[in-house]
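Reader: I should like to learn how a ligand site is read from a model. Would you take me through one case, step by step?

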Amino acid sequence: MPQENIHNQSNSLFNTSSSVTPVKNLRGLKSLAYNSSNEASYTEEMFNDRDLAQRKAEEAAARRYQAAEWLRQMDSGASEVLPKEPSEEEFRCGLRNGLILCNVLNKVNPGAVHKVVMNSVVDMSSEGAAQSAIQYFENMRNFLVAVGKMQLLTFEASDLEKGGSSNKVVDCILCLKGYYEWKEAGGIGVWKYGGTVRITSCPKGSPSSFGGSDSADESVDDSESSQFDQLLEFLHLSGEVSFEESNAANILTFLFDRFGLGLLQAYLMERNGVEDFHLNSMVIDAVLRKVVKNFSGLLVSQSNQLRLFLKKILPDECSPLSRSEVLETISNYLRHRTSLVSSDVSRYCICGGKRESSWHDNGFHAGNEEIVDVQQKELEELKIFCRETKLDVQKYKSGWEEEFRRLVHHIKGLEVASSSYHKVLEENRLLYNQVQDLKGTIRVYCRVRPFLSGQSDVQSTVDYIGENGDIMIVNPRKQGKDARKIFTFNKVFGTKVTQQQIYVDTQPLVRSVLDGFNVCIFAYGQTGSGKTYTMSGPDLTTEETWGVNYRALRDLFSTTKARRDMIEYEVGVQMIEIYNEQVRDLLVIDGANRRYPLH
Ligand SMILES: Nc1ncnc2c1ncn2[C@@H]1O[C@H](COP(=O)(O)OP(=O)(O)OP(=O)(O)O)[C@@H](O)[C@H]1O
């Protein structure tokens with residue numbers, strides 16, 4: 001059997017490509033995996049053992065160089081004492097005074113070694129040797145105690161003596177290195193080294209906790225064979241944890257947390273609505289106990305399955321298996337399990353644990369495909385619907401844009417019309433007032449009052465009323481030409497004209513007032529001639545009899561209202577009386593102060 005093949009098989013089983021395995025341990029493994037007394041195979045095996053021992057020695061040296069290199073990086077004193085590639089002797093001599101180890105440990109875990117005896121010079125004289133021995137004793141003791149407290153791999157002080165096992169020292173240093181790098185990377189999750197060192201990060205930034213051996217170790221029965229002990233030792237010394245192993249540990253941690261928290265979640269949801277319920281440490285302890293119990297059960301059942309599997313592949317008398325066959329079987333099994341676990345875990349992550357029970361259902365894949373098909377169809381339909389909606393939206397959008405353009409055009413037209421309208425209005429206003437002006441700024445009208453009751457017999461002095469504003473008055477006391485006189489007004493109203501006919505000539509002046517022109521309308525005549533009748537009217541309750549004042553006010557307010565969008569008017573009223581050459585304000589209540597203040 002080619003050596004390379006054996007080595008590869010070993011790597012795929014333990015994932016320790018750079019590990020060093022002591023020869024005695026490897027022999028232990030060999031005898032566990034290979035129990036046949038086949039002579040030819042044994043000869044071949046002996047040859048392989050020698051070759052393998054040489055390879056392991058090389059690997060041990062490589063690990064020693066690795067440890068020395070790290071110490072040189074961590075401590076400047078180490079680079080003076082330790083060569084880059086030290087022999088076992090150089091390695092031991094460099095480290096035996098404990099100074100480098102203490103300094104490095106204090107860098108990894110500040111304050112771990114309280115007192116470090118400083119004397120880095122390795123003096124080979126007899127006095128110097130005695131001093132070094134004291135240093136060695138102090139520093140080494142402190143270092144080993146501190147490393148022990150951290151529950152990292154340790155070694156015996158005698159391992160640094162001549163003939164001691166420098167492999168254990170190398171293990172300790174590489175373990176410390178692994179721990180340091182894990183800590184530097186944030187110290188997240190669980191860090192393991194070999195089979196016995198397990199360190200879990202603490203929440204809230206507290207220092208990492210150092211856990212003891214895995215529970216699997218506790219389950220080791222004392223009655224197990226020494227081969228099994230050797231296997232364990234092999235695992236212990238098989239080097240740092242590989243990437244795949246740490247992934248598997250993370251997945252297990254994740255599953256445990258998921259299981260535990262899921263259980264707690266279900267419990268809390270059941271308690272929904274119970275008002276006086278409080279989550280306390282008792283409940284948490286109970287939940288965690290339950291989780292640990294279930295997980296323990298799972299581990300036991302899994303270990304039984306594994307036992308069955310291993311027993312199956314063990315060589316028996318009928319069909320003996322060679323070591324390479326055993327290794328290949330184990331590798332295949334692990335590959336198969338790894339692919340199963342990774343797909344299960346990814347599925348678990350996608351489902352959020354809700355379909356845990358359906359994982360092992362044979363119909364899972366078929367059902368899943370069906371769901372995917374249905375969702376695919378729905379997705380296609382949604383895409384079509386989306387496209388249609390998009391087209392509709394575009395259609396509406398172009399319609400709205402067209403409508404908007406029409407509106408803009410229309411508004412522009414209105415703007416033009418509006419400005420034209422205002423121009424026309426202004427023109428109209430000017431023309432209107434010009435007409436009023438042309439009619440005369442001072443206009444005098446004459447109204448003839450009919451006879452009052454009881455005056456019917458009296459002869460009227462009005463002889464004739466002309467169309468052009470002339471009126472002829474007769475004086476009965478005079479004769480001939482002097483008896484008649486003609487007076488001319490803008491217009492003369494006879495006794496039969498209505499109040500409305502009187503107002504028609506005054507009405508245009510009201511609009512002139514609202515256009516900003518001053519207008520004054522007043523009635524003049526002797527007592528009883530009909531001034532009040534014309535200006536106010538005989539009966540205010542009947543609109544028909546309203547005089548000029550009321551009609552003017554009505555038109556004033558109605559025009560103000562009609563123009564309110566363009567102009568705001570303010571209307572005020574004064575009522576004054578001129579009597580006996582005195583002007584009085586009739587709206588002042590206090591009679592004594594009615595006199596109008598003329599300036
Ligand atoms: N056009 C008319 N038709 C019918 N009756 C009229 C007319 N004009 C005046 N009269 C009547 O003549 C009377 C006197 O009118 P009115 O009181 O208006 O006169 P006047 O000029 O205001 O008097 P004064 O200056 O004393 O106040 C009233 O009875 C009124 O009803």
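Author: Let us begin with one residue of the site. G528 sits in the loop that joins α16 and α17. Please keep in mind that the model is predicted.

Reader: Is G528 buried, exposed or partly exposed?

Author: A residue counts as partly exposed when its relative accessible area falls between the limits for buried, under 20%, and exposed, over 50%. G528 has a relative accessible area of 48%, so it is partly exposed. Q526 lies in the loop between α16 (507–514) and α17 as well. With a relative accessible area of 64%, Q526 is exposed.

Reader: Which residues surround the ligand?

Author: One reads such a shell residue by residue. Here it consists of R447, R449, P450, L452, Q526, T527, G528, S529, G530, K531, T532 and Y533. By character, these shell residues divide into 3 nonpolar, 6 polar and 3 charged.

Reader: Which helix gives the most to the shell around the ligand?

Author: That is helix α17 (residues 531–535), which contributes 3 residues.

Reader: Why does the ligand lie between domain 3 and domain 4?

Author: The reasoning rests on where the shell residues come from. Domain 3 (442–495) and domain 4 (498–598) both supply residues to the shell, and the ligand therefore lies between them.

Reader: Where is P450 found, and how far is it from G494 in space?

Author: P450 belongs to the loop between β4 (445–447) and β5 (462–465). Its relative accessible area is 41%, so P450 is partly exposed. From C-alpha to C-alpha, P450 and G494 are 8.3 Å apart in space, while 44 residues separate them in sequence.

Reader: Which polar atoms of the protein are paired with oxygen atoms of the ligand?

Author: A polar contact is a pair of N or O atoms within 3.5 Å. The side chain of T532 has an N or O atom 2.8 Å from an oxygen atom of the ligand. A polar backbone atom of G530 is 3.1 Å from a ligand oxygen. For Y533, a backbone N or O atom lies 3.1 Å from an oxygen atom of the ligand.

Reader: How much of the ligand's accessible area does the protein cover?

Author: On its own, the ligand has 620 Å² of accessible area, and the protein covers 65% of this.

Reader: At which residues does UniProt place the feature "binding site"?

Author: A record can be set beside the model. The unreviewed UniProt entry places this feature at G525, Q526, T527, G528, S529, G530, K531 and T532. Among the residues that surround the ligand in the model are Q526, G528 and T532.

Methods. Residues numbered from 1 in each chain as written. Predicted model: local features only at pLDDT ≥ 70, side-chain atom pairs only at ≥ 80, totals over all residues. Heavy atoms only, no water. Near = heavy atom within 4 Å. Polar contact = N/O pair within 3.5 Å; in protein donor to acceptor, adjacent residues only side chain to side chain. Areas by Shrake-Rupley, 256 points an atom, 1.4 Å probe, with all protein chains shown as cover. Helix = DSSP H or I, 4+ residues; strand = E, 2+ residues; numbered from the N terminus. Nonpolar A, V, L, I, M, F, W, Y, C, P; charged D, E, K, R; others polar. Domains from an automatic or database assignment. UniProt positions renumbered as here; feature names shortened; annotations may be inferred. Buried < 20%, exposed > 50% of the residue type's maximum accessible area, 1.4 Å probe, protein only.
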